[in-house]
Every structure is written in C-alpha cells, then in structure tokens.
Amino acid sequence: MSDRDPPVLTAMPYVEAAFIPGQVGEEQVSEAVVVAIDVLRATTTAVTALANGARAILPVAEPEDGRQTMATFPPGEALLCGERYGKPLPGFHLGNSPAEYRPEVVRGKTIILTTTNGTLLLAKCAKAPEVLLGALVNAAAVVEWLEAWKGDVLLACAGRHGGFSLEDTVCAGLIVSRLGGEWRKGPGAAEALGLYGVYRRDLRRALWESPHGRYLCDIGLGDDLVDCAAVDRYHLVPRRQGEVFGV
Ligand code: MLT
C-alpha cells in the first residue's frame, strides 16, 4: 500500500477542529491527517512560495536554528525567511509576506521558515502520520485531497500567542462546509462551521476584524491581508515529506 492509498473504511470519515495549538496533542494527531492552518500568514506564505516554484519549505523553530540550517546549504540553494511579531528578522532574505515570494525570487529554492505561531503548531504535529498545509488560498485543493482520503482529519489552527484566532477558525469552517454530507463532525468542527457561517458572505471581513489582521495593518502590512484572503487562488496541497513540506 502506498502512503497515498486511502485507509480501509470502517466508518464514516470524521473531521474535528482544534482552535489552538494547546488542543493538539499526540492523542489527537496519532491517527489523523492533520491540516495545519495559519491564514495570517505562515501557511498562506508557504503555499504561495510552493505555487511560485520553491523547491520545499523547511520549518525551523527559532531564528538561530534558521541561521544554522542556512549554513548547511550550498550558496544559492536556500533562502532564510520568517518573522517575529510580524516583522522581518535581521539578516534574513525574506519576511513572511506572501507577496515577497515571487517566482523569480523563490524558484528552485528551499525556504527555511521560522514564524511566531505557525512553526510552533507544526512542531506539535510532529507525531501525525500525515501533515498538510491549509489556508484560504488553497482551501479547494485541501478539500479535494481530504475527499479522496476519507479518513479521520484534524483541522489544527495556529492561533495567536497560544490563543484563539478568528481567521484560522473561519478557514477551518470553510473547509468543513465544503466536505460532503457523509463526514461526521466533531464539536470543534461544528463550531468552526458556525463561525464560518457568520463570515461566509465576506470572508475578508474575518481577516480585517481579527486582532492579528488589525495588528498587521498597524505595522504597515495591511496589503498582506488581501493576499491571505484570496480564496482558492492556488490549487496545491503542501504535504510533509520528511523534514520539509513540498508538493
Ligand atoms: C505566525 O506564524 O505567527 C504568523 O504567520 C505571524 C505573521 O507573520 O503574521
């Protein structure tokens, strides 16, 4: 059986959502496909980079880990990228704005990425058999992938500084809304679906009304919200392959 073969079905597929990384434990991830969601901005940026030709995304926990990892790559093969508190880091090639990850910048490169909340969530997913990256920009592709899989799924929101994040939860709700009627929904998935219902007519509002969206506007990165709100812009699903995410 290849690692993309769907599981043998014994029950209807089950989808649950975790609103904060603190709800993502070994028990939750050990048998589920995990979709890690950080709409503002880590998973949006990762999807954008791969859509524009990056070779892979290599998440690292801390900026210093990034610098050390960068030193192991031959010149020109990798870019050191990420943020702290939304702002680019000294000596790094790129921050965490999707628009920076243009094809001519990222094509063929490994993106070494450290972010405040997103890479922390990925560390919590370490024991999951399968981890995908989801955002509004690739929601349709994620749903297609999950419909082909039809096994248990955990939609894991990165949140903000350990707490709840409106835009991640609304994205999880959008994904739940698009799954077929045979999916059983856990309580978190049902709540995410309900919150999505509040914003479904204008999903951009969830980004502009969220504390992190307002913070990004305050530090001059409001244009990023437009890129992060572009539902279904890219049709690809980054998937963990060893230490990196690729397509
Ligand atoms: C994060 O991982 O905390 C976010 O992507 C923060 C950001 O860059 O806006």
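Helices, α5 included, are taken here as DSSP runs of H or I with at least four residues, numbered from the N terminus. The model is predicted, and the elements named below are those found in it.

Start with the empty space inside. Rolling a probe the size of a water molecule over the atoms shows where empty space is left. Two cavities of 30 Å³ or more turn up in the structure. The largest has a volume of about 80 Å³, and 15 residues line it. Nearest its centre sit Ala42, Thr43, Gly118, Leu122 and Leu133. Three elements each supply at least two residues of this lining, namely α2 (42-51), β3 (56-59) and α5 (118-124). Of the lining, the largest share belongs to α5, which puts in four residues. By class, the walls of the largest cavity break down into 10 nonpolar, four polar and one charged residues.

The second largest cavity holds about 30 Å³ of space. Its lining is made up of Asp38, Leu40, Asn117, Gly159, Arg160, Ser165, Glu167, Asp168 and His212. Here the split is one nonpolar, four polar and four charged residues.

Next comes a single residue, Val24. It belongs to the loop that runs between β1 (14-18) and α1 (26-29). Is Val24 buried or exposed? With a relative accessible area of 2%, Val24 counts as buried, because the cut-off for that label is under 20%. Setting aside its neighbours within four places in sequence, Val24 is in contact with Ala18, Val29, Leu121, Lys124, Cys125, Leu154 and Ala156. One of these partners, Lys124, is 100 residues away from Val24 in sequence, yet the two C-alpha atoms are 6.5 Å apart in space.

The last feature is a helix pair. Two packed helices are described by the angle between their axes and the distance between the axes. For α7 (residues 166-178) and α8 (residues 187-199), the angle is about 100° and the axes are 7 Å apart. The two helices are therefore roughly perpendicular to each other, since angles of 65 to 115 degrees get that name. On the α7 side, the contact is made by Leu166, Thr169, Val170, Ala172, Gly173, Leu174, Val176 and Ser177. From α8 come Ala189, Ala192, Leu193, Leu195, Tyr196 and Tyr199. Sorted by class, the residues of this contact are 11 nonpolar and three polar, with no charged ones.

Methods
Residues numbered from 1 in each chain as written. Predicted model: local features only at pLDDT ≥ 70, side-chain atom pairs only at ≥ 80, totals over all residues. Heavy atoms only, no water. 1 Å grid on protein atoms, 1.4 Å probe; cavity = no way out; pocket = protein on both sides within 12 Å on 5 of 7 lines; lining within 4 Å. Points joined across faces, edges and corners; volume = space filled by probe spheres on them. Nonpolar A, V, L, I, M, F, W, Y, C, P; charged D, E, K, R; others polar. Buried < 20%, exposed > 50% of the residue type's maximum accessible area, 1.4 Å probe, protein only. Contact = heavy atoms within 4.5 Å. Axes fitted to C-alpha atoms, helices over the stretch in contact; angles between N-to-C directions. Parallel < 35°, antiparallel > 145°, perpendicular 65-115°, else oblique.
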